[in-house]
Every structure is written in C-alpha cells, then in structure tokens.
Amino acid sequence: MPHDFSDDELLRYSRHILLDEVGIEGQRKLADATALIIGVGGLGSPAALYLASAGVGHLMLADADTVELTNLQRQIVHRQDSLGLSKVDSARQTLAGINSQVRVEPMALRLAGEALMEAVARADVVLDCSDNFPTRHAVNRACVAQGKPLVSGAAVRFDGQFAVFDTRVADSPCYRCLFPEEGEASDGPCATFGVFAPLVGIIGAMQAAEALKLLVGMPDTPLGKLVTLDLRSHNWRTLRFKRDTACPVCNAARG
C-alpha cells in the first residue's frame, strides 16, 4: 500500500517535493523503498545519513565490526559514546535521532553466501561501501543474480571512485566487467595507507545520490561510467567502459 504522508512528513520532505524530478510520487517511492548498505564505515556513514534524512523507508545495515577510536576521524555516523558498540547498532542510534520514521535493520555480520543473497533479494538498491575486492565481487554476483541495481564506492588516501551497475538494463556492464577477480584482494586498508577524512564523505554522498535517483526513477543513470576523484587537485574524471562479452558473471545471468 502506498505511503500516506502526515503533515509533519510533508513539511520534512518539502524541499524534495518541490523538485519536479522527485515530487510527491518520488518521495512516496523513497518511503516505500528498501536500501541495503554493506559496510557502515567511512563510505557507509554518509550514505546512511543521507538515505535516512531523505526518507528511505527501510535501511538494512550490514557490518561485523565494532566502533573504534580510529573510526571517529571519518566515520561520521558514529559518536564517541558509541566506542565498543557494533557499528550497525551505533548507526541505528544516530539515524533514529535524525529520522525516527525510518526503519533501520541492523545486521551485525559479514554478509556472505545465502545470507548475502537473501539480503540483496529484499533490497530495491544495494550500496557497496566495503573496502575489499572479495566482498565487492560477492556483492556484485548477488546483485546480478537477483537483478538489483548496485552503487559501488571506494576511497583511500586522497583518491576516490564510484560507479553504478544495473544489469536489468540491456548491455550494461557489471562490476566484474570492470574489475577482474584476479586483481589484488584490497585497494589498501586505511590503517596502512591512511585516508583523508572528507574524501569518504564526498564519495559516500555520491553513492547516496545515485541510490536516491535509482529509487525515484530519475533518468540518466551513469551506467558504464567510473567516476574518479583526486582530492589533492580536485580533479574529477569520468572513464567509460563497456560490458565484457566474456564476463562469467553477468553473461551467465543473462543466459
């Protein structure tokens, strides 16, 4: 049943409703939507904050880690009094203080196998905010298998990137078409290489923006494009790529 907005909700979301690209119907789509965020760290923090404040009705948050002091430099959904809590419970507390009407489902585990497939199946959009290639490839396989759009992000040092994948669209590539699984197992943990705090905020916010556009049904989804940012020079680049006709993931799903 479509969401029936209260007067308070109409006021809360009025700046979205004023946009022709969103309007009341778009805002209703957000209220009825479910988003899965995998990783509630540097990227997942701003993504979760924006999706909650924008009124996405159901947020599934998946992360097996607890809040540590080193996280607070950039993982803005967590607070100092959350040290030692699971990241998903910490995020749930913060998001409840921003928008109590959003249902937050904490999943304090590293999603894999059938659990990952089931979580992806329940989502309308998936945001991969993890920090390693094995997880990203597993999430991609699940999204392709379940026919769900995927918004992927990454950030380390001063360099960030994001891309949108949606194999429901004919001839659109998947994550495996861009990054082979034979690559390195990680782009470099922050504990080893460091990360400039605002960088993850920028990339995570861009992931949230693309997720909201997908949920509302806005056109011009940037499929087949990898957007990169060098924050040292503030240089944005868009790299185009095509579907790999030999991709073992999306070709098999397309039959």
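**View 1. What the wall of the largest cavity is made of.** In this predicted model, the lining of the largest cavity splits into 7 nonpolar residues, 3 polar ones and 1 charged one. The charged one is Arg136. Ser152, Gly153 and Gln161 make up the polar share. On the nonpolar side you'll find Ala154, Phe162, Ala163, Phe165, Tyr175, Phe179 and Leu226. The space they wrap around comes to about 50 Å³.

**View 2. The strands behind the largest cavity.** Zoom in on strands E5 (150–156) and E6 (159–165), which each put at least two residues into this lining. E6 is the top contributor, with 4 residues. Look for Gln161, Phe162, Ala163 and Phe165 along E6, and for Ser152, Gly153 and Ala154 along E5.

**View 3. The second largest cavity.** Here the volume is about 40 Å³. The lining runs through Asn140, Cys143, Val144, Lys148, Leu150, Phe165, Asp166 and Thr167. By type, that's 4 nonpolar, 2 polar and 2 charged residues, with Lys148 and Asp166 as the charged pair. Helix H7 (residues 133–146) gives the most, with 3 residues: Asn140, Cys143 and Val144.

**View 4. Phe165, a residue with two jobs on the guest list.** Phe165 lines the largest cavity and also turns up in the lining of the second largest. Put both cavities on screen and you have the full set, as the count comes to 2 cavities of 30 Å³ or more.

Key
Residues are numbered from 1 along each chain as its sequence is written. This is a predicted model: local features need pLDDT of at least 70, side-chain atom pairs count only at pLDDT 80 or more; totals for chains, interfaces and linings use all residues. Side-chain values use heavy atoms; hydrogens and water are left out. On a 1 Å grid over the protein atoms alone, a cavity is a set of points where a 1.4 Å probe fits but cannot get out, and a pocket is an open set with protein on both sides within 12 Å along at least five of seven lines; lining residues have an atom within 4 Å of a point. Grid points are joined across faces, edges and corners, and a volume is the space filled by probe spheres set on the points.
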